[in-house]
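Let's take a friendly walk through this structure, beginning with one residue and then moving on to where two chains meet. Here it is for you to look at.

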Amino acid sequence: MELVTIAKPYANAIIEIAMQNNTHEEWRDVLMAGTQVVNDESMQSFLASPGETKTNKAIAISSLLGKILDRNLSAEEKSFVDILLENDRALVLPSILSLFEKSINTLSDSKVFQVISAYKLSDKEKKQIVSDLADKYTANVSIETFVDESLVGGVVIKDGDKVIDLSIKARVSELNLQLSIN
Amino acid sequence: MQLNASEISDLIKKQIEGFDFAAEARTEGTVISVSDGIVRIHGLADVQFGEMLEFPGNTFGMALNLEQDSVGAVILGDYLHISEGDIVKCTNRLMEVPVGEEMLGRVVNPLGKDLEGKGEITASSSRPLEVVAPGVIDRQSVDQPIQTGIKAIDSMVPIGRGQRELIIGDRQTGKTAVAVDAIINQKNTGVKCVYVAIGQKASSVAAVVRKLEEHGAMQNTIVVSASASDSAALQYIAPYAGCAMAEYFRDRGEDALIVYDDLTKQAWAYRQVSLLLKRPPGREAYPGDVFYLHSRLLERASRINADYVEQLTNGEVKGQTGSLTALPIIETQGGDVSAFVPTNVISITDGQIFLETDLFNAGIRPAINAGLSVSRVGGAAQTKAIKKLGGGIRLDLAQYRELAAFAQFASDLDAETKAQIDRGQRVTELMKQNQYAPLSIAEMATSLFAANSGSLDDVDANQVVSFEAALITYMNANQSDLIAKIDENGDYNDDIAAELQAAIDDFKSNHTW
């Protein structure tokens, strides 16, 4: 969780570069591929091994990224990988990706909400939620849906650390608290 | 108490019907780490400083450190069931405690929960823990006395309503005894008392509560206790909680007295919390804001004017001033008043009562050092009779201190010096007073008058204590009119002086001691 603090300057730098060169898509691909790479277990042990020099690790990652993306990395992308490895921060890549996506969303005035419901939502219900949220936040809203049966009923809408909890579970626990206080 | 079954279900039905579920966006966070009651939380972007946080299992905490991407908070109460990954919710409320008349006579923890098993307290309202002290415009000067019933204090270091008078001394010098006596003396005066015990043994707190009950002072007293086994966070907030409860009375145009026993331990608790929150340590490892910790607390003790009371009560209480008198206690180590916390609190308060081990061991109890004890504002508030008679006492003792070293060469001294030493010895004896035996204004005036008028000079120094006790018994039995006259409003004039002299002469010629 603390990785967020470390990831912030990296994400901000990438956003600025991407805005200058209009290369948002390319950077997103690189970051996604990078996340995939560092999430791999054998890759993690390779990155952690003291036997390999930082330069070797950087070269390996760069070539892997090139293969996954099926293109040559640009000079900036290469030096990003170098800097990341030089500072021993390869494991921050997933956090950089999420911060990067969040910034892109803010720039394009769009928001992604996580909607958790007790049962699978129908398309009609999803549309209703999207239009309600769009009205409330005046933004282009898209949602990711999850199912959690323990909610019993209703939905929980999340945007980062902001939560709108409309589930039966929350109502019951709130009622429980009220009764135990009085 | 028998509970009526239908009553309960009716109550619950009402509660359920009136249950209001707000569908507001709340900020949530996740616990990153838990250590010694300190949690670090990721998320909670909108949290306010000092906001109450809701943890799982009906546990609450308080946000104290707002950092980039994380929040440092203290858990109030038990923290063993909280683990990494738990969800923390904002409550949008600053820390509050229940306040009101219902709290009187109860022993509560710093969150206002009953500690004695006497049942839940249904307080009429609540107040935030931290409030800004009344401003300059809202205040009035201190001009009414608060009687502690202790001769040495009321005559030499008088305390006014709204004053902050520090009680300072080493361990085992009777600091708590002075404070408890002061509370006991308020039992029929309408002054509401709050006794805040911080980091003390639960047995000591129980002993104080028992004594207050024995002397009938518990019904106008609230005891707030964060004992040594409670978490440091609770010990840290205890004085603020007690102050909020006392301020309720002040703001309603009543008089209140609060004892913080003791602020040294609160500073320790705050040091612990601060170090665990990774705030940089300063002198004696205290954090940088330890002065502000005490100054903002003691600044809340004040006398407020009638306009402000009217404004605070929405016109309900008119023409009455309110006051909150604070008696903070500081424990020194080996008489060292130049340590960090003692110097801070000495400079914040309006005077101090200095208790000394040597005096205590010499049998002078209360062990008040008359030379070092001062009251910066109390003189303006002193009762007329005590003020007139007390001045001589202070002078006698000051002269005696200078000459005391020569006392053993008594035979070689000139008559005047010898008289001063004799007077000083008798006054020193006279200032001795038993615990839990506060004196009324008239009783005190009688004792002081006896010393001032020279009536004690022909009494043996080691018989002064029994002389005084017998004199007061005689006065209450045979001179009740005079006693009532002085007690009525503490007046003192030539007539009263003559009557007192006559009474003492009568006692000396017709009674034994």
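## A residue and its contacts

Setting aside neighbours within four places in sequence, Leu99(A) is in contact with Ala7(A), Lys8(A) and Ala11(A). Please keep in mind that this is a predicted model. Take Ala11(A) as an example: 88 residues separate it from Leu99(A) in sequence, yet the two C-alpha atoms are 6.2 Å apart in space.

Where does Leu99(A) sit in chain A? You will find Leu99(A) in helix 6, which covers residues 93–107 of chain A. Leu99(A) counts as buried because 22 other C-beta atoms lie within 10 Å, and the cut-off for that class is 20 or more.

## Where chain B touches chain A

Now for the two chains together. On the chain B side, 20 residues are in contact with 18 residues of chain A. At least two residues each come from helix 1 (5–17), strand 1 (25–35) and strand 2 (38–43) of chain B. Which of these elements gives the most? That is strand 1 of chain B, with 7 residues. Sorted by class, the side of chain B that touches chain A holds 9 nonpolar, 8 polar and 3 charged residues.

## Strands paired across the chains

Strand 1 of chain B also has a partner strand in chain A: 3 bridges join it to strand 4 (residues 162–165) of chain A. The two strands run antiparallel. If you would like one pair to look at, Lys162(A) has Thr27(B), in strand 1 of chain B, as its bridge partner.

Terms used. Residues numbered from 1 in each chain as written. Chains lettered and ligands numbered in written order. Predicted model: local features only at pLDDT ≥ 70, side-chain atom pairs only at ≥ 80, totals over all residues. Helix = DSSP H or I, 4+ residues; strand = E, 2+ residues; numbered from the N terminus. Buried ≥ 20, exposed ≤ 12 C-beta atoms within 10 Å, placed from the backbone. Contact = placed C-beta atoms within 7 Å. Nonpolar A, V, L, I, M, F, W, Y, C, P; charged D, E, K, R; others polar. Pairing = 2+ DSSP bridges.
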